Amino acid sequence: MDRISALRNVEETLGDLERGETDLASAEERVSSILRTYATDYDGDLVAWRASGDPGAEGLVVLAASEREARERVAALVGDSIGRVSVSRLA
């Protein structure tokens, strides 16, 4: 999924919420699904990586071009040492 498609889908979800065609919990679930799809089906040079090894980073998913870059991004997000963070590429 490309960025424009993701944004259109989020915009459609917001419109449904504004018109009363969906509730907030359903809109949140749809937006989360859109983001998950965007991250895992990303049309670009970046790859989705899932973090593990550090309790504060466990399960985080970031987009990065390499394993090293992914570890750096996760460490920066959780404010921890890169040495404690492991990442694995999502299929």
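**Exercise 1. Partners of arginine 50**

Task: Determine which residue is the bridge partner of arginine 50 in β2, and which residue stands opposite arginine 50 in β3.

Solution.
- Step 1. In this predicted model, the bridge partner of arginine 50 in β2 is valine 61.
- Step 2. In β3, serine 88 stands opposite arginine 50.
- Step 3. Tryptophan 49 has valine 62 as its bridge partner in β2.

**Exercise 2. From bridges to a sheet**

Task: Establish the order of the strands in the open sheet, and state which strands stand at the edges.

Solution.
- Step 1. Strand β1, residues 47-52, pairs with strand β2, residues 61-64, in the antiparallel sense over 4 bridges.
- Step 2. β1 also pairs with strand β3, residues 86-89, again in the antiparallel sense and over 4 bridges.
- Step 3. The result is an open sheet of 3 strands in the order β2-β1-β3, with antiparallel pairing.
- Step 4. β2 and β3 each have a single partner strand, so they stand at the edges and one side of each is left without a neighbour in the sheet.
- Step 5. From one strand to the next, the twist averages 40 degrees.

The general background to these steps is brief: strands of a sheet pair through backbone hydrogen bonds, in either a parallel or an antiparallel manner.

**Exercise 3. The helix across the sheet and the core**

Task: Identify the strands across which α3 lies, and name the elements that give two or more residues to the largest nonpolar core.

Solution.
- Step 1. α3 lies across β1, β2 and β3, and runs at about 135 degrees to β2.
- Step 2. The largest nonpolar core has 11 residues, including Val47, Trp49, Val62, Ala64, Ala70 and Val74.
- Step 3. Two or more residues of this core come from each of β1, β2 and α3 (67-78).
- Step 4. Apart from this core lies another, of 6 residues, among them Ile34, Tyr38, Ala39 and Ala48.
- Step 5. Alanine 64 belongs to the 11-residue core. Not counting residues up to four places away in sequence, alanine 64 touches Leu46, Val47, Trp49, Glu69, Ala70 and Arg73.
- Step 6. Arginine 73 is placed in helix α3. With residues up to four places away in sequence again set aside, arginine 73 touches Val62, Leu63 and Ala64.

**Exercise 4. Buried, partly exposed or exposed**

Task: Classify threonine 13, arginine 73 and arginine 36 by relative accessible area. The cut-offs are under 20% for buried and over 50% for exposed, with partly exposed in between.

Solution.
- Step 1. Threonine 13, found in helix α1 (residues 3-18), has a relative accessible area of 1% and is therefore buried. Beyond its neighbours within four places in sequence, threonine 13 is in contact with Thr22, Ala27, Arg30, Val31 and Ile34.
- Step 2. Arginine 73 is partly exposed, because its relative accessible area is 35%.
- Step 3. Arginine 36 has its place in helix α2 (residues 24-40). Its relative accessible area is 54%, so arginine 36 is exposed.
- Step 4. For the protein chain as a whole, buried residues make up 25% of the 91 residues.

**Exercise 5. An aromatic pair**

Task: State how many aromatic pairs a search of the whole structure finds, and describe the geometry formed by tyrosine 38 and tyrosine 42.

Solution.
- Step 1. The search of the whole structure finds 1 aromatic pair.
- Step 2. Tyrosine 38 and tyrosine 42 form an aromatic pair with 5.4 Å centre to centre and 90 degrees between the planes, which makes it edge-to-face.
- Step 3. Tyrosine 38 is buried, at a relative accessible area of 14%, whereas tyrosine 42 is partly exposed, at 25%.

**Exercise 6. The chain as a whole**

Task: Explain why the protein chain is described as more spread out than a compact globule.

Solution.
- Step 1. The protein chain has 3 helices and 3 strands, which follow the pattern α-α-β-β-α-β along the sequence.
- Step 2. Its radius of gyration is 16 Å, well over the 12 Å given by the globule rule for 91 residues, so the protein chain is more spread out than a compact globule.
- Step 3. Taken along the principal axes, the C-alpha atoms fill a box of roughly 50 × 25 × 20 Å.
- Step 4. One C-alpha to C-alpha separation is that of arginine 73 and leucine 14, which are 59 residues apart in sequence and 29 Å apart in space.
- Step 5. Another concerns arginine 36 and valine 87, 51 residues apart along the chain, whose C-alpha atoms are separated by 17 Å.

Terms used
Residues numbered from 1 in each chain as written. Predicted model: local features only at pLDDT ≥ 70, side-chain atom pairs only at ≥ 80, totals over all residues. Heavy atoms only, no water. Pairing = 2+ DSSP bridges. Buried < 20%, exposed > 50% of the residue type's maximum accessible area, 1.4 Å probe, protein only. Contact = heavy atoms within 4.5 Å. Core = buried A, V, L, I, M, F, W, Y, C linked by side-chain atoms within 4.5 Å. Phe/Tyr/Trp six-rings, centres within 6.5 Å; stacked < 30°, edge-to-face > 60°. Axes fitted to C-alpha atoms, helices over the stretch in contact; angles between N-to-C directions. Rg over C-alpha atoms; globule rule 2.2 N^0.38 Å.
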